[in-house]
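Work through the exercises below with the sequence and the model open. Try each task before reading its solution.

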Amino acid sequence: MDSVGTDTSDARKNLDINVLTVSVSIVFRLIWPVSFAVLRSRCHYPRCLKQERTGLDTTGLLQGRHLGSVSRDGDRNEMGDSTSARSGMTENSKNRDQVAKSMAAQRIQSMHKLLDEAQVEEPRKDFDFSDIPQRREARLQSQKAERPKLNPREMTAFLFPGQGTQFPGMGHQLLQYPNVKQMFSIASEILGYDLLDLCLNGSKEELNRTVHSQPAVVVCSLAAVEKLKEDQPKAVANCVAASGFSVGEFSALVFSGALSFEDAIHLIKIRAEAMQHASELVSSGMLSVIGRRGVHFKMICREAMDACILDGIKVPVCTIASHLFPEAKVIAGHTKALDFIQEMSRHYSLRAAKRVPVSGAFHSPLMAPAKDAFYSAVDRVPFDTPVISVHSNVNGKRYRHAKHIRTLLKRQLLEPIHWEQTMHEMYQRNKGQGFPKTYEVGPGRQLGGFLERNNLKAFHSYTNIDV
């Protein structure tokens, strides 16, 4: 019995060993082709990548690699395909070499032909650059003939005053000139009141109101241009640049052809009414100050705002609204801040501190309530490119196109006037070059005084057109 049990156990062991052997052989037969193909593909990948970089077709090789992962017979087929692919690539490279050699030979032949022709024929006149100086001079002469150059001393520049220059009786000397009465009539129809009667017979208080003073100054300034056109037509024809102080910019834009007279009066009406409404919301004004050299105007404004805070004003405003010339500024803000500066004028070494006859703090943040109405009106009015140089109060630069005009007119409502910088831009000249004749067309002589402080040489040819 013992021997039989021993034989049975040995038979079972042998059976288990045979089963294990068969299982291992089956697994090896299944895994070996796949693993071999993977290893071979990794070995061939750099070669395929090199062929792709050289521009050769590797589709056959990739297909052969894929088929080779199925069986050993497939491996043999892939090797055959790769061998045929290599032979095809060798033939393609030989063909490309032959084409390149033939093209090179053609280029060499054409080059020799051109060299032979160059030795025989005369130089082509199309490539003759010997007369370049003469041609350049002829072109410049034709340009000069088309656009005659004016003597700088014969050129003119116009300065249009702004609000604060108005006075009762202005416009009386202009009624005898053509188109003046018609201009006042058109403006009165748009404004809804008799502007001419207000200018001639109105009181100083009525004329100083923003809704009245702004259109009055603009119409009188454009009427002064009509006077100059009648008395000195050459001065108007030779005008090459213009600029206006604050609302005077509208006069400059009308004169330059960028804005029609009717549209200008409409804009000024809306602008003046909006600014008047903003002025009535807060007790505010403007103060013209002249200091000595070294005076810190911004520090004066900060201390004035501190005084307003002590008086109970939570958000005081006191800022520079106009840069007139180096020692002179116009400060805008709350009335208490302006009163403080006037009282402390000696302490701040101010030579003058005088109120400006306006009803609000223009060109300051206190005009924010007026921007919606004015911005909307500016967007609806058509503008054209000025035919002469018109300089903006915002940065002193010239207006370039209609969009540029709209943008800077909007900014001018809340930002300070850089008149000093504008004068530098207008009268910038090379050394020894003459200055144009300057005409202040409109009420007052304030802009002439600013010009004298900013550019004395330009002021020597300054003239005021009396209204």
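**Exercise 1. Check the span of helix α8 against the span expected at 1.5 Å a residue.**

Step 1. Helix α8 covers residues 210–231. Helices here are DSSP runs of H or I with at least four residues, strands are runs of E with at least two, and both are numbered from the N terminus.
Step 2. The expected span is 1.5 Å times one less than the number of residues. For the 22 residues of α8 that gives 32 Å.
Step 3. The end C-alpha atoms of α8 are 32 Å apart, which agrees.

Two notes on the numbers. This is a predicted model, in which local features need pLDDT of at least 70 and side-chain atom pairs count only at pLDDT 80 or more, while totals for chains, interfaces and linings use all residues. Residues are numbered from 1 along each chain as its sequence is written, and side-chain values use heavy atoms, leaving out hydrogens and water.

**Exercise 2. Decide whether α8 is largely enclosed, and describe how α8 packs with α10.**

Step 1. Apply the cut-offs: buried is under 20% relative accessible area, exposed is over 50%, and partly exposed lies in between (1.4 Å probe, protein chains only).
Step 2. Of the 22 residues of α8, 19 are buried, so the rest of the structure largely encloses this helix.
Step 3. Two packed helices are described by the angle between their axes and the distance between the axes. Axes are lines fitted to C-alpha atoms, for helices over the stretch in contact; angles run from 0 to 180 degrees between N-to-C directions.
Step 4. Helix α10 (residues 248–255) packs against α8 at about 40°, with the axes 9 Å apart.
Step 5. Val218, Ser221, Leu222 and Val225 of α8 meet Ser251, Val254 and Phe255 of α10. Contact means heavy atoms within 4.5 Å.

**Exercise 3. Give the strand order of the open sheet with parallel pairing, and find which helices pack on it.**

Step 1. Two strands pair if DSSP finds at least two bridges between them.
Step 2. The five strands run in the order β7-β2-β1-β9-β10, with parallel pairing.
Step 3. The edges are β7 (389–391) and β10 (462–465), each paired on one side only.
Step 4. Four bridges join β9 (residues 437–441) to β10. Thr438 stands opposite Tyr462 of β10.
Step 5. Helix α8 touches β1 (156–160), β9 and β10, its direction making about 130° with that of β9. Helix α17 (residues 446–454) also touches β1, β9 and β10, at about 145° to β9.

**Exercise 4. Place Pro436: is this residue buried or exposed, and what does it touch?**

Step 1. Pro436 sits in the loop between α16 (419–426) and β9.
Step 2. Its relative accessibility is 2%, so Pro436 counts as buried.
Step 3. Glu154 is 282 residues away in sequence, yet 6.4 Å away C-alpha to C-alpha.
Step 4. Beyond neighbours within four places in sequence, the contacts of Pro436 include Pro152, Met155, Tyr427 and Ser461.

**Exercise 5. Trace the pairing around strand β3 in the open sheet with mixed pairing.**

Step 1. The order is β6-β3-β5-β4-β8.
Step 2. Strand β3 (residues 284–291) pairs antiparallel with β5 (residues 328–334) over seven bridges. Val289 stands opposite Lys329.
Step 3. Strand β3 also pairs antiparallel with β6 (residues 350–355), over five bridges. Here Leu287 stands opposite Arg355.
Step 4. Six of the eight residues of β3 are buried.
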